[in-house]
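User: Please take one part of this structure and go through it closely, residue by residue where that helps. I would also like to see it set against the chain as a whole and against a few single positions elsewhere.

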Amino acid sequence: MISQPREFYFDKSKMVGFPSLVKNIKPYSAVNEGFAFFSFDEKQYNGLFYRNYIHESGATKAAWFSKMNLVFTKPFIMKWTQFPGYQVTINPNIKDNQYSQHGLAITKTDEKIVSNFQTDAVKFSFPKGALIPLNEKDSTALLIKTSFGIEHHNQKGFKVKDITGFEMAPFMISGTPITITGFKNCTFDFAVKEEYDIVFESNDLANFINTYFKLGYGKKPSDYANALQFSGADASIKLNETVYKGHLAELYFSENLTAGVLDITVKNKDKFANDVAFFYKNKPNPHIKANFKEVKGVYGSMYYWIKQDYKSTSLYFFMLR
């Protein structure tokens, strides 16, 4: 692997010697096909530069190893082909008067192509309208800080490695009554499905999604390979006209799916049952009483399952875009 530069961003006026164009090594068509989970614009690619290029042949005819320092003069934006509508910026901290330089190493064997790209941060931009910021001036983008960067595997997908933190403004999930109010005690991870595993930690959530898959909605839980995962965010939900606080035990954004588990703080079970009844049918429901065990329904495009016992109350939900 290339030794990580001390800095990624430099003043353009201090650039010594102009680097060469990447397209002189390989044309856009050959490179874009190698990134199974991303696509990027040809004009952007043709504006990429490189320094310190090394290429070595491997043990077989198909195997090789390459490394270089990529040089960018503006933010480089890629479309995430697994997640329709999502965009990923791999050098989001670059400024107008700067260029950025990042180590790239690519290892190809007979079976796979693995790329490692060094950066200090990655920005995920959600599909338009998927999230609503609480402050209309805020961005709904997620900025992930990393001490390593990105690993891209042409068969398994990609992941942000060695995450050191993230930044995101509070938001409401479109089409739901759920608001994410803060991230003070929240952790973030990039969940990747391993063999014989699923990305969802909650078995109840996975089973709930699987129930609707059997009815013809969405995919099997095991078919979701990657997800942006939040755990422990402060949140609230509006039922009828009452706002209930709680925290998100889990929240996932994966492909066209948003899903999660919201633990709700309930102080008055009679009132909560009444609010759930109105949320369920928009009218009183004698079958929903203070000691109800579960209620399943649909709110707009959100499928939900409210489950409670004498200790806790949780909302399991998912929606398909």
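**Helix 3 and its setting**

Analyst: Of the 321 residues in the chain, 49% count as buried, and every value that follows is computed from a predicted model. The chain has four helices and 23 strands, and its C-alpha atoms fill a box of roughly 75 × 45 × 30 Å along the principal axes. Among the contacts with a separation of 6 or more, 62% are between residues 24 or more positions apart. The accessible surface comes to about 16,600 Å², with 49% of that area belonging to carbon and sulfur atoms. As for charge, the mean positions of the 39 positive and 31 negative charges are 3 Å apart.

The part I have chosen is helix 3, which spans residues 203–213 and whose buried residues are Leu205, Ala206, Phe208, Ile209 and Tyr212. Viewed down the axis of helix 3, these buried residues fall within an arc of 160 degrees, so they line one face of the helix. An α-helix has 3.6 residues a turn, so residues three or four places apart point the same way. What covers the buried residues of helix 3 includes strand 19 (242–254), strand 20 (257–264), strand 21 (294–299), strand 22 (302–308) and strand 23 (313–320). At the N-terminal end, helix 3 is capped by serine 202, which has a side-chain oxygen 3.4 Å from the backbone nitrogen of aspartate 204.

A second serine, serine 174, lies in the loop between strand 14 (171–173) and strand 15 (178–182). Serine 174 counts as buried because its relative accessible area is 15%, where the limit is under 20%. Its side chain reaches the backbone oxygen of glycine 129 at 2.4 Å, and a polar atom of that side chain also lies 3.1 Å from the backbone oxygen of alanine 130. Leaving aside neighbours within four places in sequence, serine 174 is in contact with Gly129, Ala130, Leu131, Ile132 and Met319; residue 319 falls within strand 23 (313–320), one of the strands that cover helix 3.

Two further loop positions touch one another. Phenylalanine 37 sits in the loop between helix 1 (28–34) and strand 3 (38–39) and is buried at 11% relative accessibility. Its contacts beyond four places in sequence include Lys79, Trp80, Thr81, Gln82, His152 and His153. The C-alpha atoms of phenylalanine 37 and histidine 152 are separated by 8.3 Å, although the two residues are 115 apart along the chain. Glutamine 82, for its part, belongs to the loop between strand 6 (77–80) and strand 7 (87–89) and is buried with a relative accessible area of 16%. Besides Phe37, glutamine 82 touches Ala225, Asn226 and Glu255, again without counting residues up to four places away, and residue 255 comes directly after strand 19 (242–254) in the numbering.

Valine 114, finally, lies in strand 9 (residues 113–118) and counts as buried at 14% relative accessibility. Its contacts outside the four nearest places in sequence are Ala105, Ile106, Thr107, Glu151, His152 and His153, and His152 and His153 are also in contact with phenylalanine 37. The C-alpha atoms of valine 114 and alanine 290 are separated by 54 Å, with these positions 176 residues apart along the chain numbering.

Terms used. Residues are numbered from 1 along each chain as its sequence is written. This is a predicted model: local features need pLDDT of at least 70, side-chain atom pairs count only at pLDDT 80 or more; totals for chains, interfaces and linings use all residues. Side-chain values use heavy atoms; hydrogens and water are left out. Helices (H or I, at least four residues) and strands (E, at least two) are DSSP runs, numbered from the N terminus. Buried means under 20% relative accessible area, exposed over 50%, partly exposed in between (1.4 Å probe, protein chains only). Contact means heavy atoms within 4.5 Å. Accessible areas come from the Shrake-Rupley method with a 1.4 Å probe; for residues, only the protein chains shown count as cover. Lys and Arg count as positive and Asp and Glu as negative; His and the chain ends are not counted. The place of a charge is taken as NZ of Lys, CZ of Arg, CG of Asp or CD of Glu. The arc is that of the directions from the helix axis to the C-beta atoms. A polar contact is a pair of N or O atoms within 3.5 Å; within protein, one must be able to donate a hydrogen and the other to accept it, and residues adjacent in sequence count only if both atoms are side-chain atoms.
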